[in-house]
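Notebook open, backbone oddities on the list for today. I'll jot things down as I look them up.

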Amino acid sequence: MCGIVGYIGEGNAYNVLIGGLHRLEYRGYDSAGIALVDDNGKLNIYKTLGKVQALENFCKDKNVEARVGIAHTRWATHGEPSDCNAHPHYSEDGNLALVHNGTIENYKVLKDALVEHGRTFHSDTDTEVLVQLIEYIRVQNDCSLLDAVREALKQVVGAYAIAVIEKDNPDCIIAARKSSPLVVGVGDGEFYLASDASPFVEFTDNVVYIKDEEIALIRRGEPLKLLSFDNKENEIDVKKLEMSISQLEKGGYPHFMLKEIFEQPSTLLDCIRGRVVDKGRFVTLNGVNDNSETFINAKRIVIVACGTSWHSALIGKYLIQDMCKIPVVVEYASEFRYSNPVITHEDIVIAISQSGETADTLAAIKIARGMGAFVYGISNVVGSSIPRETHSGTYIHVGPEIGVASTKAFTGQVMVLTLLAMTIAGLKKTLEPRYAEKLGEWILKLPALVEKVIELAPDIERLSLIYTYARNFLYLGRGYSYPVALEGALKLKEISYIHAEGYPAAEMKHGPIALVDAEMPSVIVAPKDHLYDKIVSNVQQVKARGGNIIAIVTEGDTTIRNIADHVLEVPEVPECLTPIITSVPLQLLSYYIAINKGKDVDMPRNLAKSVTVE
């Protein structure tokens with residue numbers, strides 16, 4: 001959830017760190033801080049409540065000269081957001097500074113033991129416990145900082161990515177991770193450290209992904225070393241980074257979220273490139289084709305995910321069951337891990353996560369693998385944990401998503417799930433070949449059709465003015481449109497803070513219809529599909545109770561147009577492709593309502609992009 005940045009070299013550490021924090025602010029923005037060791041051996045720590053800009057303002061008259069440092073932008077877990085609880089945290093002797101992403105589950109036991117030995121604490125965080133423990137071990141054992149870090153981490157229960165610097169040893173950064181991401185950028189005589197590669201993309205494209213329970217020893221003027229907890233040196237695998245600076249900038253848009261909504265025609269094209277070939281005649285995913293027997297013989301598929309990814313998983317269930325005739329179960333990853341799941345070697349578990357670092361989804365993967373299931377990952381971030389922990393998988397290739405509320409990653413996930421279902425169906429021969437070919441042709445048309453939907457933006461912006469101050473929304477859909485309704489409601493909640501609920505439209509009669517009145521708008525996702533007549537009936541039921549209706553319909557629709565208060569028309573596509581088309585107007589509606597309310601759509605309160613803690 002938090003963002004870590006580190007630098008050591010001959011350049012200006014402060015400039016690199018502050019720039020990196022701005023890039024990582026989507027991971028947390030409750031508070032921010034920086035620790036620098038200057039050439040005179042002085043450790044300067046500056047931190048403040050609020051966003052990175054507040055830290056930058058605070059540092060304007062401070063000594064920020066240094067060639068080594070670490071920095072942090074926080075999403076609070078232990079301890080409320082405050083100057084005191086902001087990272088970096090420092091040891092009692094003032095020699096060590098540490099930044100941390102994750103949670104130390106046994107921090108209370110460790111803290112009580114350290115208090116008994118005379119340690120004094122100044123914050124409410126679990127992180128301060130770790131830096132105090134490292135210092136205590138070092139003093140008691142008269143050992144090196146590396147040995148003290150290693151021993152301290154052996155005593156820690158929980159998840160972490162950490163970076164530590166030492167006043168008396170300014171030519172070194174020590175970093176380590178377990179269940180929380182950390183990557184090293186290898187430059188020319190300098191090293192960068194971060195939660196993801198975005199802070200140093202303009203400086204180097206050579207990266208090393210630190211593995212679980214691995215310690216990075218980063219020294220000025222020396223090669224990078226990776227060590228296991230038992231002090232064995234590990235092999236270093238340098239990867240080439242596929243990311244550009246332009247992907248990390250707004251490019252003239254007022255917000256990343258709007259930019260990412262408008263990018264969807266191109267990101268969908270990237271997602272299908274090389275996978276839908278020969279003018280749509282063939283659909284292929286290497287991760288499926290390379291494990292064809294596993295997919296052909298699967299008795300059941302279980303999909304685990306959280307948040308928006310869970311909504312894409314629900315769509316995946318419809319796709320796979322319709323095309324492949326394999327039973328599919330969709331589970332919240334956070335519930336799966338504690339539900340005593342029944343998984344066998346005949347099951348396939350599909351794990352979906354934009355970041356590839358979602359803690360609950362990673363835990364679900366480990367459980368599924370332990371029970372003998374074949375695990376398939378769908379992620380966006382190359383080199384992230386989920387692709388490394390799964391047997392096989394597919395990247396969605398939509399580029400970095402900076403806005404906290406997911407947009408292009410959602411449509412990318414749905415697109416990959418569509419291709420996955422078609423690939424499995426091709427192997428199992430459960431899809432009529434001519435229909436499969438026609439579907440492939442439609443998929444190739446999707447980027448242009450989404451571009452057409454985006455042209456509705458001015459109409460949606462005007463419509464949003466009518467509903468900006470509604471206190472509640474109801475989102476309804478059936479079949480493939482039900483998960484779209486859930487996703488639409490989530491987007492509105494995330495960025496405008498308006499209460500919204502998504503329901504299967506038929507379930508409205510079983511309770512939610514009691515809420516319908518003139519004060520509560522209903523957004524109804526109603527493309528022309530095999531359930532269209534049913535959804536028309538639901539629209540009439542809402543209207544009969546005096547409800548205001550915003551309907552997403554297929555171009556040329558007249559029936560719902562004559563009932564609804566407002567209609568947004570989208571191009572006609574095959575039923576299984578409607579979620580990609582119908583979700584875009586809902587993203588835009590949420591965006592414009594939130595903007596009208598003056599909300600920070602890229603950094604909504606209490607949320608962070610990558611949920612790396614339980």
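Where is the place of P88? I found P88 in the loop between β4 (68-74) and β5 (89-90). Note to self: this is a predicted model. I looked up P88 because of its peptide bond: most peptide bonds are trans. The one from H87 to P88 is cis, and I get omega near 5°.

Next entry, phi signs. As background, most residues other than glycine have a negative phi. I went after the exceptions.

S179 is one of them: it is not a glycine, yet its phi is positive, about 60°. I traced S179 to the loop between β8 (169-178) and β9 (183-186).

D278 went on the list too, with a positive phi near 55° in a residue other than glycine. I placed D278 in the loop between β16 (276-277) and β17 (282-283). Is D278 buried or exposed? Neither, as it turns out: its relative accessible area is 39%, so I logged D278 as partly exposed, given that buried means under 20% and exposed over 50%.

K325 follows α10, and I noted a positive phi near 60° there.

That sent me to α10 itself, residues 307-324. I checked its length: at 1.5 Å a residue, the 18 residues should span 26 Å. The end C-alpha atoms of α10 are 25 Å apart, so the two values agree.

Last check, burial of α10. I have 13 of its 18 residues down as buried, so α10 is largely enclosed by the rest of the structure.

How values were computed
Residues numbered from 1 in each chain as written. Predicted model: local features only at pLDDT ≥ 70, side-chain atom pairs only at ≥ 80, totals over all residues. Heavy atoms only, no water. Helix = DSSP H or I, 4+ residues; strand = E, 2+ residues; numbered from the N terminus. Buried < 20%, exposed > 50% of the residue type's maximum accessible area, 1.4 Å probe, protein only. Expected span 1.5 Å × (residues − 1).
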